[in-house]
Amino acid sequence: SRSGKLQGKKVVITAGGTREAIDPVRYLTNRSSGKMGYALARAAAEHGAHVTLITTINRETIFGVHQIMVKSAQEMYDVSMSEFEDADYFIAAAAVADFKPTAELVHKIKKQADSTLTLNLVQNPDILKAIGQSKKAGQRVVGFAAETQHIIQSGQEKLVSKSADMLVANDVSRQDAGFSSDNNAVTILTRDERAQTLAKASKIAIAREIIERMITLN
Ligand code: C5P
């Protein structure tokens, strides 16, 4: 490993967009590629961590990373809560669907005479918030936030509302970084320090900086 700074530590990371089933053949999802979560998993493994990656997308196998595939937000929530129990760090990089269909239909929805169809949705659990609330002494939690304006202020509010120790705010209004892109541009917020804005760089370079910063959290 690069430094061994995370030797013996367990890091749990969520990645990808969740899939919320409508019927046996359809689901609701979003444009998340899972790339940032995978980059973080690689960067944490480079420091010798035991990494558990809870992911909706199967991108690649990384040495030292235990991958758990999930589909829905509820499934990701259940696995996250149980994997966090003996973890040292939790990083919420997944794009969790805020809503899911009220019920998963057993049969495929058929075309009807009506030209409109109403889907009823219900809110999913907030995984990061639940993890933050269940945090025990010594455990550290890192969240992400996709923002289009007032990035630092919204990020600081989210840091507090989710009981996180660090929040990585992402400007998603930029066309040259973020979703699906190989590049990212972020601002790191913590409880005690000034905001730190990282220059646009590859997701692996950003991930390495995030992990380095996470290691220094006290
Ligand atoms: O509240 P918002 O969706 O902006 O927060 C983003 C952060 O919260 C991300 O770290 C995301 O992974 C996490 N999140 C979550 N569960 C949700 C919604 C968001 O873990 N249901």
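**Core, sheet and ligand shell**

The largest nonpolar core takes in 55 residues, and the ones with the most contacts inside it are Val11, Ile13, Leu40, Ala44, Phe90 and Val142. Helix H1 (residues 35-46) puts in the largest share of this core, eight residues. The model is a predicted one, and everything below should be read with that in mind. Val142 gives a feel for how the core is wired. Setting aside neighbours within four places in sequence, Val142 is in contact with Tyr89, Phe90, Ile91 and Ala92, with Ala164, Asp165, Met166 and Val168, and with Met214.

Next comes the sheet. Eight strands form an open sheet with mixed pairing, in the order E5-E4-E1-E6-E9-E10-E12-E13. Strand E5 (65-69) and strand E13 (196-197) sit at the edges with a single partner strand each, so one side of each has no neighbour in the sheet.

Strand E1 (residues 10-15) has E4 and E6 beside it in that order. With strand E4 (residues 50-55), E1 pairs in the parallel sense over six bridges; Val12 stands opposite Thr52, and Ile13 has Leu53 as its bridge partner. The pairing of E1 with strand E6 (residues 89-92) is also parallel, this time over four bridges, and here Val11 stands opposite Tyr89.

In a regular strand, side chains alternate between the two faces of the sheet. For E1, both faces are covered: Lys10, Val12 and Thr14 are buried on one side, and Val11, Ile13 and Ala15 are buried on the other. That makes six buried residues out of six for this strand. Two of the E1 residues, Val11 and Ile13, are among those with the most contacts inside the largest nonpolar core.

A smaller piece of pairing is found between strand E2 (residues 20-23) and strand E3 (residues 26-28), which run antiparallel and are joined by three bridges. The hairpin that links E2 to E3 does so through two residues, and Asp23 stands opposite Arg26 in E3.

Now for the ligand. It is surrounded by 13 residues, and the closest are Ala92, Val96, Ile127, Leu128 and Gly143. By type, the shell splits into eight nonpolar, three polar and two charged residues. Helix H3 (127-134) and strand E9 (140-147) supply at least two residues each, with E9 giving the most, three.

How does this compare with the record? In the unreviewed UniProt entry, the annotation "binding site" covers Asp98, Lys108, Pro125, Asp126, Ile127, Leu128, Phe144, Lys158 and Lys162. These positions span 65 residues in sequence, and the farthest two C-alpha atoms are 38.4 Å apart, so the annotated residues do not all gather at one spot. Ile127 and Leu128 are named in that annotation and are also among the closest residues to the ligand.

Two of the annotated lysines can be looked at one by one. Lys158 is placed in helix H4 (residues 151-161) and counts as partly exposed because 19 C-beta neighbours lie inside 10 Å, with 20 being the cut-off for buried. Beyond the four nearest places in sequence, Lys158 touches Gly143, Ala145 and Leu167. Lys162 is placed in the loop between H4 and E10 and is buried, since 21 other C-beta atoms lie within 10 Å. With the four nearest places in sequence again left out, Lys162 touches Leu128, Lys129, Gly132 and Gly143. Both lysines therefore touch Gly143, one of the closest residues to the ligand.

Some backbone oddities turn up around H4. His150, in the loop between E9 and H4, has phi near 45°, a positive value in a residue other than glycine; His150 is exposed, with 11 other C-beta atoms within 10 Å. Ser163, in the loop between H4 and E10, likewise has a positive phi, about 50°, although it is not a glycine. Ser163 counts as partly exposed, with 16 C-beta neighbours inside 10 Å.

Finally, Val172 lies in the loop between strand E10 (166-171) and strand E11 (183-184). With 14 C-beta neighbours inside 10 Å, Val172 counts as partly exposed. Val172 and Val25 are 147 residues apart in sequence, and their C-alpha atoms are 30 Å apart in space.

Terms used
Residues are numbered from 1 along each chain as its sequence is written. This is a predicted model: local features need pLDDT of at least 70, side-chain atom pairs count only at pLDDT 80 or more; totals for chains, interfaces and linings use all residues. A residue is near a molecule or strand if its C-beta atom, placed from the backbone, lies within 6 Å of it. Ala, Val, Leu, Ile, Met, Phe, Trp, Tyr, Cys and Pro count as nonpolar, Asp, Glu, Lys and Arg as charged, and the others, Gly among them, as polar. A residue is buried if 20 or more other C-beta atoms lie within 10 Å of its own, exposed if 12 or fewer, and partly exposed in between; C-beta atoms are placed from the backbone. UniProt positions are given in the numbering used here, feature names are shortened, and annotations may be inferred rather than shown by experiment. Two residues are in contact if their C-beta atoms, placed from the backbone, lie within 7 Å. Two strands pair if DSSP finds at least two bridges between them. A nonpolar core is a set of buried Ala, Val, Leu, Ile, Met, Phe, Trp, Tyr and Cys residues joined through C-beta atoms within 7 Å.
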